[in-house]
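User: Hello! I am new to this structure and would like to learn how to read it. Could we go through it step by step?

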Amino acid sequence: MQVAKNKVVTIDYTLKDDQGNVLDTSAGSDPLAYIQGMRNIIVGLENALEGKSTGDKVNVVVPPEEGYGEVNEQLRGEVDRSAFEGADDIKVGMRFHAQTQHGTEIITVIAVDGDKVTIDANHPLAGQSLHFDVEVVDVRDATEDEISHGHVHGPGGHEH
């Protein structure tokens with residue numbers, strides 16, 4: 001069976017940056033399962049896997065525009081320290097969940113200067129090329145429930 005729209009695809013993967021540093025991997029844990037065509041994974045990787053079959057290996061470099069996008073300077077800004085209720089010792093690199101008009105987003109602290117904190121709401125991998133080494137472990141038809149819910153149920157997916 002080939003990777004195509006509405007197929008559950010299970011993959012083992014390693015993600016590296018341009019310098020070869022491992023950013024994420026399924027090694028040592030369960031493979032990742034997603035539904036092709038539902039944007040469960042970044043579009044560049046989804047496109048690279050289209051038409052592949054169980055056992056196929058794919059090495060792909062996904063540019064920012066097909067990954068987490070370019071860095072958007074409008075998603076960076078300065079806020080008052082008082083916006084971080086309950087966080088007394090705010091440091092560069094800390095991440096927080098923030099409620100925005102688009103729902104919950106993760107923000108990263110990129111500078112602290114007295115009572116002012118500079119934050120970045122870009123995805124941490126925005127602006128980066130992503131180097132994936134992937135092996136297709138399994139391909140199967142998605143169930144009607146999985147398609148209606150938009151995600152995989154069971155191993156490698158969501159438990160209900």
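**Reading the model**

Analyst: Happily! Let us begin with threonine 10, which sits in strand 1 (residues 7–16); strands (E, at least two residues) and helices (H or I, at least four) are DSSP runs numbered from the N terminus. This is a predicted model, where local features need pLDDT of at least 70, side-chain atom pairs count only at pLDDT 80 or more, and totals for chains, interfaces and linings use all residues. Residues are numbered from 1 along each chain as its sequence is written, and side-chain values use heavy atoms, leaving out hydrogens and water.

User: Is threonine 10 buried or exposed?

Analyst: Threonine 10 is buried, because its relative accessible area is 16%, and buried means under 20% (exposed is over 50%, partly exposed in between; 1.4 Å probe, protein chains only). Leaving aside neighbours within four places in sequence, threonine 10 is in contact (heavy atoms within 4.5 Å) with residues including Pro31, Glu135 and Asp138.

User: Which residues of the largest nonpolar core touch the most other members?

Analyst: In soluble globular proteins, nonpolar side chains tend to be buried together. Here, the largest nonpolar core (buried Ala, Val, Leu, Ile, Met, Phe, Trp, Tyr and Cys residues joined through side-chain atoms within 4.5 Å) has 20 residues, and Ile11, Leu45, Leu49 and Phe132 touch the most other members. Strand 1, helix 1 (43–49), strand 4 (57–62) and strand 9 (130–141) each supply at least two residues of this core. Strand 9 gives the most, five residues. Another core, of ten residues, lies apart from it, with Ala87 and Phe96 among them.
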